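Here are my notes after going through the file, in no strict order of priority. Have the viewer open while you read.

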Amino acid sequence: MSHFDLLKSCPIFSQLSDSEMILLEKSCEEILLAKGEDLYKQGDMSKGFCLIKAGKLSAGDDDGVLNAGDFIGSFSLYKSGLKAKLDVQAIETTALLCLSQQKFYALGQDNPHIQLKVAYGILNEYVSELDQVAEILLK
(Lines give C-alpha, C1' and ligand atoms only; values in the text may rest on other atoms or scores of the structure.)
Protein backbone atom coordinates (compact mmCIF):
# COMPACT_ATOMS: atom_id res chain seq x y z
CA MET A 1 0.00 0.00 0.00
CA SER A 2 1.36 3.44 -0.86
CA HIS A 3 1.94 6.02 1.87
CA PHE A 4 -0.84 8.13 0.36
CA ASP A 5 -3.34 5.25 0.50
CA LEU A 6 -2.27 4.33 4.04
CA LEU A 7 -2.80 7.89 5.26
CA LYS A 8 -6.10 8.10 3.37
CA SER A 9 -7.31 4.95 5.18
CA CYS A 10 -6.58 6.45 8.62
CA PRO A 11 -9.77 7.88 10.17
CA ILE A 12 -8.08 10.93 11.71
CA PHE A 13 -7.14 12.14 8.22
CA SER A 14 -10.55 11.48 6.63
CA GLN A 15 -11.36 15.20 6.35
CA LEU A 16 -8.31 15.98 4.20
CA SER A 17 -8.54 16.52 0.46
CA ASP A 18 -6.16 14.67 -1.85
CA SER A 19 -3.96 17.76 -2.24
CA GLU A 20 -3.79 18.17 1.56
CA MET A 21 -3.01 14.47 1.93
CA ILE A 22 -0.08 14.84 -0.46
CA LEU A 23 1.33 17.66 1.69
CA LEU A 24 0.88 15.50 4.80
CA GLU A 25 2.54 12.53 3.11
CA LYS A 26 5.61 14.66 2.30
CA SER A 27 5.96 15.50 6.01
CA CYS A 28 5.99 11.84 7.10
CA GLU A 29 8.96 9.53 7.51
CA GLU A 30 9.01 5.75 7.25
CA ILE A 31 10.66 3.93 10.15
CA LEU A 32 11.47 0.22 10.19
CA LEU A 33 11.63 -1.66 13.50
CA ALA A 34 13.20 -5.09 13.79
CA LYS A 35 11.44 -7.81 15.76
CA GLY A 36 11.87 -7.03 19.47
CA GLU A 37 12.94 -3.42 18.87
CA ASP A 38 11.28 -0.76 21.02
CA LEU A 39 9.37 2.13 19.52
CA TYR A 40 9.57 3.51 23.04
CA LYS A 41 9.61 2.49 26.67
CA GLN A 42 7.26 3.77 29.34
CA GLY A 43 8.39 7.27 30.31
CA ASP A 44 10.21 8.01 27.02
CA MET A 45 9.28 11.17 25.17
CA SER A 46 6.76 10.50 22.42
CA LYS A 47 8.15 10.18 18.92
CA GLY A 48 4.98 11.70 17.46
CA PHE A 49 2.21 10.09 15.48
CA CYS A 50 2.94 6.63 14.03
CA LEU A 51 0.72 4.67 11.65
CA ILE A 52 1.52 0.98 11.18
CA LYS A 53 2.14 0.23 7.50
CA ALA A 54 3.02 -3.45 8.02
CA GLY A 55 3.79 -5.66 10.99
CA LYS A 56 2.61 -5.65 14.60
CA LEU A 57 3.41 -3.78 17.81
CA SER A 58 2.76 -4.87 21.39
CA ALA A 59 1.50 -2.10 23.64
CA GLY A 60 1.95 -2.73 27.35
CA ASP A 61 1.90 -5.96 29.30
CA ASP A 62 -1.73 -6.94 28.75
CA ASP A 63 -1.72 -8.49 25.29
CA GLY A 64 -2.47 -5.15 23.57
CA VAL A 65 -1.57 -5.62 19.90
CA LEU A 66 -1.55 -2.94 17.22
CA ASN A 67 -1.81 -4.17 13.62
CA ALA A 68 -1.35 -2.68 10.16
CA GLY A 69 -3.63 0.36 9.84
CA ASP A 70 -3.63 1.06 13.60
CA PHE A 71 -1.99 4.21 14.92
CA ILE A 72 -0.45 5.56 18.10
CA GLY A 73 0.60 9.00 19.32
CA SER A 74 -2.04 11.25 17.78
CA PHE A 75 -2.20 13.56 20.81
CA SER A 76 1.52 14.23 20.56
CA LEU A 77 0.89 16.16 17.34
CA TYR A 78 -0.66 18.91 19.46
CA LYS A 79 0.77 18.57 22.98
CA SER A 80 4.49 18.87 23.69
CA GLY A 81 6.25 16.85 26.35
CA LEU A 82 4.00 13.80 26.26
CA LYS A 83 5.63 10.70 27.66
CA ALA A 84 4.83 7.14 26.72
CA LYS A 85 2.45 5.49 29.17
CA LEU A 86 3.28 1.99 27.90
CA ASP A 87 6.18 0.03 26.48
CA VAL A 88 5.65 -0.35 22.73
CA GLN A 89 7.71 -2.99 20.93
CA ALA A 90 7.72 -4.66 17.51
CA ILE A 91 6.36 -8.22 17.66
CA GLU A 92 7.70 -8.76 14.14
CA THR A 93 9.49 -6.57 11.61
CA THR A 94 7.27 -3.51 11.49
CA ALA A 95 7.13 -0.57 9.08
CA LEU A 96 5.72 2.67 10.48
CA LEU A 97 4.81 5.93 8.82
CA CYS A 98 5.58 8.63 11.39
CA LEU A 99 4.91 12.34 11.70
CA SER A 100 6.76 14.41 14.30
CA GLN A 101 5.15 17.36 16.04
CA GLN A 102 7.82 19.62 14.54
CA LYS A 103 7.01 18.57 10.98
CA PHE A 104 3.27 18.80 11.67
CA TYR A 105 3.71 22.35 13.00
CA ALA A 106 5.85 23.29 9.99
CA LEU A 107 3.12 21.95 7.69
CA GLY A 108 0.59 24.02 9.62
CA GLN A 109 2.52 27.25 9.13
CA ASP A 110 1.38 27.43 5.50
CA ASN A 111 -1.68 25.19 5.87
CA PRO A 112 -3.43 25.82 9.22
CA HIS A 113 -6.64 24.29 7.86
CA ILE A 114 -4.87 20.90 7.74
CA GLN A 115 -4.18 21.10 11.48
CA LEU A 116 -7.82 21.98 12.16
CA LYS A 117 -9.10 19.09 10.04
CA VAL A 118 -6.74 16.62 11.76
CA ALA A 119 -7.80 17.91 15.20
CA TYR A 120 -11.42 17.29 14.20
CA GLY A 121 -10.49 13.79 13.00
CA ILE A 122 -8.73 12.95 16.27
CA LEU A 123 -11.64 14.26 18.33
CA ASN A 124 -14.16 12.34 16.23
CA GLU A 125 -12.16 9.11 16.54
CA TYR A 126 -11.91 9.34 20.34
CA VAL A 127 -15.57 10.27 20.76
CA SER A 128 -16.45 7.12 18.77
CA GLU A 129 -14.22 5.04 21.04
CA LEU A 130 -15.81 6.55 24.16
CA ASP A 131 -19.25 5.72 22.76
CA GLN A 132 -18.17 2.08 22.35
CA VAL A 133 -16.86 1.95 25.92
CA ALA A 134 -20.10 3.49 27.23
CA GLU A 135 -22.16 0.87 25.40
CA ILE A 136 -20.13 -1.93 26.97
CA LEU A 137 -20.34 -0.43 30.46
CA LEU A 138 -24.08 0.21 30.24
CA LYS A 139 -24.95 -3.37 29.28
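The points below cover the sheets, two buried residues and the main pocket.

1. First, a reminder on provenance: this is a predicted model. Everything that follows should be read as a description of that prediction.

2. Start with the sheet that contains β8. It is an open sheet of 4 strands, ordered β1-β8-β3-β6, and the pairing is antiparallel. The edge positions go to β1 (29-33) and β6; each has a single partner strand, so one side of each is left without a neighbour in the sheet. As general background, strands of a sheet pair through backbone hydrogen bonds, either parallel or antiparallel.

3. Now look at β3, which covers residues 49-54. Strand β3 is joined to β8 by 5 bridges, and to β6 (residues 71-72) by 2 bridges. Both pairings run antiparallel. Which residues stand opposite Leu51 in β8 and in β6? In β8 the residue is Leu97, while in β6 Phe71 takes that place. Leu51 is a handy spot to centre the view if you want to see both pairings of β3.

4. Cys98 deserves a look of its own. This residue sits in strand β8, which spans residues 94-99. Is Cys98 buried or exposed? Its relative accessible area is 6%, and buried means under 20%, so Cys98 counts as buried. Setting aside residues up to four places away in sequence, Cys98 touches Ser27, Cys28, Glu29, Ile31, Phe49 and Cys50. Another pair to check is Cys98 and Ile52: they are 46 residues apart in sequence, yet their C-alpha atoms are 8.7 Å apart in space.

5. The other sheet is also worth tracing. This open sheet has 4 strands in the order β2-β7-β4-β5, with antiparallel pairing. Here β2 (38-40) and β5 (64-66) are at the edges, and each has a single partner strand, so one side of each lacks a neighbour in the sheet. On average, neighbouring strands of this sheet are turned by 25 degrees against each other, direction ignored.

6. Within that sheet, zoom in on β4 (residues 57-59) and β5. These two strands pair in the antiparallel sense over 3 bridges. One residue pair to pick out is Ala59 with its bridge partner in β5, Gly64.

7. On the helical side, find Leu107 in helix α3, which runs over residues 101-110. Leu107 has 8% relative accessibility and so counts as buried. Beyond its neighbours within four places in sequence, Leu107 is in contact with Leu23, Leu24, Ser27 and Ile114. Leu107 and Lys26 are 81 residues apart in sequence, with 9.4 Å between their C-alpha atoms. Note that Ser27 turns up in the contact lists of both Leu107 and Cys98.

8. Last, the pocket. What is the volume of the largest pocket? It comes to about 460 Å³. The lining of this pocket is made up of 17 residues, and those nearest its centre are Tyr40, Ile72, Gly73, Phe75 and Lys85. By residue class, the lining splits into 11 nonpolar, 4 polar and 2 charged.

Note on methods:
Residues are numbered from 1 along each chain as its sequence is written. This is a predicted model: local features need pLDDT of at least 70, side-chain atom pairs count only at pLDDT 80 or more; totals for chains, interfaces and linings use all residues. Side-chain values use heavy atoms; hydrogens and water are left out. On a 1 Å grid over the protein atoms alone, a cavity is a set of points where a 1.4 Å probe fits but cannot get out, and a pocket is an open set with protein on both sides within 12 Å along at least five of seven lines; lining residues have an atom within 4 Å of a point. Grid points are joined across faces, edges and corners, and a volume is the space filled by probe spheres set on the points. Ala, Val, Leu, Ile, Met, Phe, Trp, Tyr, Cys and Pro count as nonpolar, Asp, Glu, Lys and Arg as charged, and the others, Gly among them, as polar. Two strands pair if DSSP finds at least two bridges between them. Axes are lines fitted to C-alpha atoms, for helices over the stretch in contact, and angles run from 0 to 180 degrees between N-to-C directions. Buried means under 20% relative accessible area, exposed over 50%, partly exposed in between (1.4 Å probe, protein chains only). Contact means heavy atoms within 4.5 Å.
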